[in-house]
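Here are some short exercises to work through with the model in view. Try each task before you read its solution.

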Amino acid sequence: MNTTVETVTERIRARSRPLRQAYLQNAQRTMETFPPRKTLSCGNIAHAFAACSPTDKNRIAGMQSSNLGIVTAYNDMLSAHQPLQYYPDIIKATAGELHCTAQVAGGVPAMCDGVTQGQPGMELSLFSREVIAMATAVSLSHNVFDGILCLGVCDKIVPGLLIGALQFGHLPAGFIPAGPMGPGVPNKTKAEVRQRYAQGHADREELLAVESASYHSPGTCNFYGTANSNQVMVEMLGVQLPGASFVNPDDPLRDALTRETVRRVLAATGQGETPRPLTELIDEASLVNAAVALLASGGSTNHTLHLVAIARAAGIILTWQDLDELSHVTPLLARVYPNGEADVNAFQQAGGMAYLVRELRSAGLLNEQVRSLMGEGMACYAQQPVLTDSGGVEWVDYDLPSSRPDVLRPVTRPFSEHGGLKLIHGNLGEGVVKTSAVKDEHQHISAPCRVFDSQDDMVTAFRAGELHQDVIVVVRFQGPKANGMPELHQLTPCLGALQDQGYRVALVTDGRMSGASGKVAAAIHMSPEALDGGPLARLHDGDLLSLDAASGHLQVMLDEDVMAAREPAHYTPAETLLPNSLGRGLFATFRQAAGVAHDGASVFK
């Protein structure tokens with residue numbers, strides 16, 4: 001086993017021991033004191049199954065068979081979630097075949113970051129993770145369920161579902177995805193049109209046409225952003241079946257995997273053949289495995305927030321430093337847009353998760369002392385699911401080479417010796433940069449900065465021709481306390497266009513760029529945020545900044561006394577952005593309680 005992976009895992013385990021022990025003891029006490037359904041009165045039970053069939057009523061009341069609670073993020077606006085509409089029927093039918101039951105316990109909100117990009121609604125995005133976690137807990141609070149099935153795919157939804165489910169860690173849990181939409185317009189073509197539109201060289205009709213051809217059908221958006229990074233994460237945590245992540249919605253294997261997930265979760269309940277609560281799946285070792293797979297595949301930077309929050313919900317303290325050290329020894333094995341030209345369908349065809357896990361295991365980069373819905377160890381996750389003649393699913397060994405070495409490579413010949421993430425330090429605070437999408441020649445830049453308090457102001461300056469020079473763009477007051485830490489993808493076409501014109505450019509922000517981060521070096525999640533005393537509030541236009549993504553250094557070339565003597569800028573949101581419009585007024589409490597983003601537990605204190 002790789003010594004760094006082993007050392008980091010043990011360090012997390014030692015650091016977390018008191019908190020983890022308290023979490024495990026609470027889960028055990030919960031099961032002993034409030035076993036599902038056993039403490040409910042007749043009136044409680046009658047309410048719980050009033051709408052069920054007579055057969056299901058008898059099964060639930062008899063308490064001899066398992067009852068699964070389905071928490072769904074279905075809506076038919078999100079392409080990734082639209083296929084989930086029929087999953088409850090499949091789940092209930094499968095449970096019934098095994099003389100068990102399933103009920104939709106509740107629904108959680110599922111906003112689309114693609115719809116809200118650059119819009120006021122994006123200010124609710126990161127906070128929605130906590131709302132989803134709470135809604136999951138509320139859905140399961142009736143205590144009539146022996147196991148949990150979570151239906152969700154996208155950015156904040158899967159982390160929120162998992163954080164909520166971990167409050168019920170005494171129960172088993174399984175995640176069921178919908179799979180990606182098929183290939184559309186090549187990502188390179190889409191990016192080119194976006195950049196031409198930002199420069200005024202393409203009209204809205206052309207842009208809408210290429211966007212519509214890119215996001216074109218049911219299924220997850222097919223680039224490797226946060227939604228698809230979520231799928232890698234939950235597979236590696238053992239709560240999603242091997243190879244389930246990237247099977248298209250219309251593939252017959254998709255429904256077979258859904259039915260098999262039901263069987264596996266039923267087997268893991270207290271009445272099942274192999275009881276295996278969520279506490280046994282999510283632990284220090286499985287979290288490190290998830291981190292390694294995300295790094296090896298160039299996963300979303302959003303997981304520097306989500307994975308540490310999930311860990312804390314399980315009583316485990318995971319830090320950015322842990323992720324940075326793991327990145328240093330994890331080779332980059334995949335290039336999927338925005339880290340390359342291909343989409344996740346190409347990744348799947350090249351060998352997918354079975355290939356990735358096989359290669360990581362061969363290099364000793366994964367902990368084998370883990371449990372999953374499949375059983376013990378990681379060997380089963382290096383296998384590929386196939387449809388049987390009877391319509392079921394079985395897993396077979398995968399020993400083929402990559403069919404697309406431009407997309408997926410062996411550990412002996414990686415795209416890079418190091419993973420796609422770097423921790424950034426310096427006199428401007430601490431942040432992260434996604435290096436996997438940035439060419440080596442663009443990872444180090446020294447240039448004067450231009451400071452903006454919103455992405456709209458930066459776009460306006462770009463269109464006015466004010467940024468046609470070597471420049472490090474600083475967009476501040478974008479942290480959780482200021483405006484909810486929105487994603488800033490409006491910046492990507494502008495900065496990409498400047499870089500293509502030969503200018504040396506970079507971005508520094510206390511906001512987010514997420515899984516769709518582009519080809520420009522971007523130091524993001526800078527903490528402390530500007531509104532919370534961060535040094536970004538003291539920067540002036542023209543200050544010389546140096547960003548070295550490869551070494552992890554970010555500096556402003558000013559004497560400390562000069563910086564300290566400056567009066568920090570005040571956050572003054574544009575009057576056009578009404579703070580209480582579009583539901584954002586309800587999130588004032590969240591903003592007030594927002595903590596330092598890099599503490600890992602949450603965006604809240």
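**Exercise 1: a helix and its surroundings**

Helix α14 (residues 303-313) is largely enclosed by the rest of the structure, because 10 of its 11 residues are buried. Buried means under 20% relative accessible area, exposed over 50%, and partly exposed in between (1.4 Å probe, protein chains only). Helices (H or I, at least four residues) and strands (E, at least two) are DSSP runs, numbered from the N terminus. This is a predicted model, where local features need pLDDT of at least 70, side-chain atom pairs count only at pLDDT 80 or more, and totals for chains, interfaces and linings use all residues. Residues are numbered from 1 along each chain as its sequence is written, and side-chain values use heavy atoms, with hydrogens and water left out.

Task: Find which residues in α14 are buried.

Solution: Begin with His303, Thr304, Leu305, His306 and Leu307, which are buried. Continue with Val308, Ala309, Ile310, Ala311 and Ala313, also buried. Then step just past α14, where Gly315 has a positive phi of about 75°.

**Exercise 2: two residues with positive phi**

Task: Decide whether Met63 is buried or exposed, and do the same for His99.

Solution: First, locate Met63 in the loop between α3 (54-62) and β1 (67-72). Its phi is positive, about 60°, although Met63 is not a glycine. With 18% relative accessibility, Met63 counts as buried.

Next, go to the loop between α4 (87-97) and β2 (101-107), the place of His99. His99 is not a glycine either, yet its phi is positive at about 65°. Its relative accessible area is 53%, so His99 is exposed.
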